[in-house]
Amino acid sequence: MSLKIIFMGTPEFAVPALKELIREKFDIVHVYTQPPKKSNRGLKIEKKPIHVEAEKNNLNIHHPSSLKNEQELNFFRKINPDLVIVVAYGQIIPENFLSLSKKGFINIHASLLPHWRGAAPIQRSIMNGDQFTGVSIMKIQKGLDTGPVMLSEKVEINHKSNYGSLSEQLSVLGSKLIIKAINLINEDKAKFVEQDHTKATHAKKITHEDEEINWNNDAKKIVQQINALNPSPGAFFKFKNEKIKIWSAVVTDQKGKVGTTLNENLLIACKDYAIQVLEIQRPGKKIQKVKEFLLGYKIPKASQLL
């Protein structure tokens, strides 16, 4: 039997999964995504990556600003799906929708549940210095990311991993796992296992406070923060009233007064050791290698950074 599938997703992370469903010729009857919005400069209306991908493939697209009304509930009910695949949709799905899919709502979550439930699992796992993360295929229930897990697979986080590279790796892994999951569901062979809720951790949304570097932290923790926020939104420090973002850095064995530059090349002392900045950016400028950056912008030795 060919399952009637609704796909719900929005950012780039969701695109490999949609592509894989299309490649496998599943019957995608509707694609839900977030509405187009004005760009940062306020002139151009930008469609979300899933919207663009769905258009390329002539799929039916629906982008309500909210699901919390009777009109949307009836619209969904009329589609009458067998299965709903959710990948970073960007809205909490109301509980009264969850009974409208015969075989449930299945989610690709970018962590090894029950660890890092919530909005920013990839960033929080890097910030936390985890050695591993992964992807979980789970059934959506009322509680946030609390549903039983069907499949999972882990990947290593190394010192070069950042939010961008790990997100890409996990999205591809998730796209492969979701095909396996759909086939098992279609054959009535899917087995869902309850999470151990006593081991749950929560990945709260990234806020402005997460972006500012505190030099009183250990060097390793600061490099993890930088990696977790690359390529968005970036970790910054303040110098001469400017917010300067660091995009790449490594821990060294040098030590010094916390928050000061130890040489002319942006070796910066943290609580224990110093970090060597590798890539950096001033507001409104392009990202530069540190040597190139310092040719046009001096931060002398012994400067105190905030």
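**Exercise 1. The buried side of helix 3**

Which residues are buried in helix 3 (residues 70-79)? Determine how they are arranged around the axis, and state what covers them.

*Solution.* The structure is a predicted model.

Step 1. The buried residues of helix 3 are Glu72, Leu73, Phe76 and Ile79.

Step 2. These residues lie on the same side of helix 3, because they span an arc of only 120° around the axis. An α-helix has 3.6 residues a turn, so residues three or four places apart point the same way.

Step 3. Glu70, Gln71 and Lys78 are exposed and sit on the face of helix 3 turned away from its buried side.

Step 4. The cover over the buried residues includes strand 1, strand 2, strand 5 (61-62), strand 6 and strand 7.

**Exercise 2. The two ends of helix 3**

Identify the residue that caps the N-terminal end of helix 3, and describe the backbone just after the helix.

*Solution.* Step 1. The cap at the N-terminal end is asparagine 69, which has a side-chain oxygen 3.2 Å from the backbone nitrogen of glutamine 71.

Step 2. Just after helix 3 comes asparagine 80, with a positive phi of about 55°.

**Exercise 3. Aromatic pairs of phenylalanine 76**

How many aromatic pairs does a search of the whole structure find? Classify the pairs that phenylalanine 76 forms with phenylalanine 97 and with phenylalanine 105.

*Solution.* Step 1. The search yields six aromatic pairs.

Step 2. For phenylalanine 76 and phenylalanine 97, the ring centres are 5.1 Å apart and the planes make an angle of 65°. Planes over 60 degrees apart count as edge-to-face, and this pair is accordingly edge-to-face.

Step 3. Phenylalanine 76 belongs to helix 3 and phenylalanine 97 to the loop between strand 6 and strand 7, so their pairing ties together parts 21 residues apart in sequence. Both phenylalanine 76 and phenylalanine 97 are buried.

Step 4. For phenylalanine 76 and phenylalanine 105, the corresponding values are 5.8 Å centre to centre and 15° between the planes. The limit for stacking is under 30 degrees, and this pair is stacked.

Step 5. Phenylalanine 105 lies in strand 7, so its pair with phenylalanine 76 in helix 3 ties together parts that are 29 residues apart in sequence.

Step 6. Phenylalanine 76 has a relative accessibility of 0%, and phenylalanine 105 a relative accessible area of 1%. Both values fall under the 20% limit for buried residues.

Step 7. Ring pairs join Phe76, Phe97 and Phe105 with Tyr32 in a cluster.

**Exercise 4. The packing of helix 1**

Which residues of helix 1 (residues 15-23) are buried, and against which elements do they pack?

*Solution.* Step 1. Val15, Pro16, Ala17, Leu18, Glu20 and Leu21 are buried in helix 1.

Step 2. Their packing partners are strand 1 (4-9), strand 2 (27-32), strand 6 (83-87) and strand 7 (105-109), together with helix 2 (49-56) and helix 5 (163-186).

Step 3. Lysine 25, which follows helix 1, has a positive phi near 60°.

**Exercise 5. Aspartate 210 and asparagine 227**

Is aspartate 210 buried or exposed? Describe its surroundings, then those of asparagine 227.

*Solution.* Step 1. Aspartate 210 is located in helix 6 (residues 208-211). Its relative accessible area is 15%, so it is buried.

Step 2. Beyond neighbours within four places in sequence, aspartate 210 contacts Arg124, Met127, Lys205, Gln225 and Leu229. With arginine 124, aspartate 210 makes a side-chain to side-chain polar contact of 2.9 Å.

Step 3. Asparagine 227 is part of helix 7 (residues 219-228), and its relative accessibility of 11% makes it buried. Excluding residues up to four places away in sequence, asparagine 227 touches Ile126, His159, Ser161, Asn162 and Tyr163.

**Exercise 6. Backbone features in the loops**

Where are proline 231 and proline 233 found, and what is the phi of lysine 240 and of leucine 266?

*Solution.* Step 1. Proline 231 is in the loop between helix 7 and strand 12 (235-239), and proline 233 is also found between helix 7 and strand 12.

Step 2. The peptide bond from asparagine 230 to proline 231 is cis, with omega near 20°. The bond from serine 232 to proline 233 is cis, with omega near 5°.

Step 3. Lysine 240 is not a glycine, yet its phi is positive, about 50°. Lysine 240 has a relative accessible area of 63% and is exposed.

Step 4. Leucine 266 has a positive phi near 65°. Leucine 266 is buried, with a relative accessible area of 0%.

Notes
Residues are numbered from 1 along each chain as its sequence is written. This is a predicted model: local features need pLDDT of at least 70, side-chain atom pairs count only at pLDDT 80 or more; totals for chains, interfaces and linings use all residues. Side-chain values use heavy atoms; hydrogens and water are left out. Helices (H or I, at least four residues) and strands (E, at least two) are DSSP runs, numbered from the N terminus. Buried means under 20% relative accessible area, exposed over 50%, partly exposed in between (1.4 Å probe, protein chains only). Contact means heavy atoms within 4.5 Å. A polar contact is a pair of N or O atoms within 3.5 Å; within protein, one must be able to donate a hydrogen and the other to accept it, and residues adjacent in sequence count only if both atoms are side-chain atoms. The arc is that of the directions from the helix axis to the C-beta atoms. Rings of Phe, Tyr and Trp (its six-membered ring) pair if their centres lie within 6.5 Å; planes under 30 degrees apart count as stacked, over 60 as edge-to-face and the rest as tilted.
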